[in-house]
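Let's take a walk through this model together, beginning with one sheet and then stepping back to the chain as a whole. Have the structure open beside you as you read.

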Amino acid sequence: MKIIRFIGGVVLALLVGVVAKAQPVPGTDENIPFLMTFGNKTGTSWGDDNNVQIIFFAVPQDHNKPIFIRVFDPDCGGANDEQNGAWDTKTRFAVYGGTGACSNKDAQRVNEKGDYDSGTQLAQKVFGVDPTYDGKWYTFGPFNPSEGELLPEYGGRIFKMVVEGLAGDDGNMYRFYLTSKKDDNMNVEGAFAFYFKYKFRLYDTAEQVSHIYPFIDKTVLSIKQSNFDWDSDGMIRVISVSKNGIPMKVSGDDEWTTSTLKVDEEERSTSWDIQMIKSKAKPKKNNNVVFYLENQYGELMPFYSVPIGGVPKYKYNITAKPSKKQPVKK
Ligand SMILES: [Ca+2]
Ligand SMILES: [Ca+2]
Ligand SMILES: [Ca+2]
């Protein structure tokens, strides 16, 4: 068993074996094919509201060996990416550490304005069309864990990846892997990733269900979800220890939609499994979406590359309410 201190001061045990699923972003349990960032000349109807994505990586405080952050398919062109006219998009990937990288509140807002690129820039690279990295990995690092911002309440030393569409109007699809090896995806024991706003591609087929896992600490009373450009593609629902598929509102084309759900007392110190189930009748192809969560104070809530405490299972007994006996029809 590995003990990790998480946001809200809650100490939880994660089973060995779960850790490996926390290293890729999107995480294994999230089952999301790609993150996405479009060039800054793209209309929002393509699914990206403002052409910036921010991902945080937490490395345990006692980890003292170098770490690397790898990006799969960082270029925009060829396989995986979404073409709009000629390929003309440039995407910057930049890694930050040091004071303010995560703790600066501008890095934890929806609008990505102000000092969202706070902290010390440790590395950056701009990618256009580049067959060298098409369908391949690019590695940032090595980074000394001490270069991250020390925030034990966020899981240790925090590194920030900012992805920004600097030019063009095409969609860049990519994934990350936090690794202990330069040329391979090897786990950094106890590390994980978290994000306050997530921009990604849904699968094209209805058989795949994607997930997002916020953790309910002792302060959260209700959760308001916001999603953008879902294209009315199926449903979003919550499974938890006390919720058995409660729906969240889904947006249409090029619009935001929000809905709010109360947190039940039984849900404290567990995760929600927010499931994204595509339309079976008319699954959208190339569906790019944006998603974020706020607590009752309007503060963004992080969600995690691994469900903290495990994937929640609905427990019928918790919410079973005594019902009035109905007369039996004969
Ligand atoms: Ca283009
Ligand atoms: Ca790409
Ligand atoms: Ca969309």
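A good place to start in this predicted model is an open sheet of four strands, arranged in the order 15-22-18-19 with antiparallel pairing. Strand 15 (209-212) and strand 19 form its edges, each pairing on one side only. As you move across the sheet, the twist from one strand to the next averages 30 degrees. As background, the strands of a sheet pair through backbone hydrogen bonds, in either a parallel or an antiparallel way.

Now zoom in on the end of that order where strands 18 and 19 sit. Strand 18 covers residues 235-239 and strand 19 covers residues 244-248; the two run antiparallel and are joined by four bridges. A hairpin of four residues carries the chain from strand 18 to strand 19. You can follow the register residue by residue: Ile236 stands opposite Met248 in strand 19, while Arg237 has Pro247 of strand 19 as its bridge partner. While looking at such neighbours, keep in mind that side chains in a regular strand alternate between the two faces of the sheet.

From here, let's turn to the interior. The largest nonpolar core holds 73 residues, and those with the most contacts inside it are Ile55, Phe56, Phe57, Ile69, Leu178, Ala193 and Tyr195. Which strand gives the most to this core? That is strand 5 (residues 52-59), with seven residues. Because domain 1 (17-201) and domain 2 (203-318) both give residues to this core, the core lies between them.

Ile69 makes a nice vantage point within the core, as one of the residues with the most contacts there. Leaving aside residues up to four places away in sequence, Ile69 touches Phe57, Val95, Phe140, Gly141, Phe159, Met161, Phe176 and Leu178. Two of these partners, Phe57 and Leu178, also appear among the residues with the most contacts inside the core.

Finally, step back to see the whole protein chain. Its secondary structure comes to one helix and 24 strands. Among contacts between residues at least 6 apart in sequence, 79% join residues at least 24 apart. Of the 330 residues, 45% count as buried. Along the principal axes, the C-alpha atoms fill a box of roughly 70 × 50 × 35 Å. How does the radius of gyration fit with this chain length, and what would a compact globule have? With 330 residues, a compact globule would have a radius near 20 Å, and the protein chain has 20 Å, so the two agree.

Notes:
Residues numbered from 1 in each chain as written. Chains lettered and ligands numbered in written order. Predicted model: local features only at pLDDT ≥ 70, side-chain atom pairs only at ≥ 80, totals over all residues. Core = buried A, V, L, I, M, F, W, Y, C linked by C-beta atoms within 7 Å. Buried ≥ 20, exposed ≤ 12 C-beta atoms within 10 Å, placed from the backbone. Domains from an automatic or database assignment. Contact = placed C-beta atoms within 7 Å. Pairing = 2+ DSSP bridges. Axes fitted to C-alpha atoms, helices over the stretch in contact; angles between N-to-C directions. Rg over C-alpha atoms; globule rule 2.2 N^0.38 Å.
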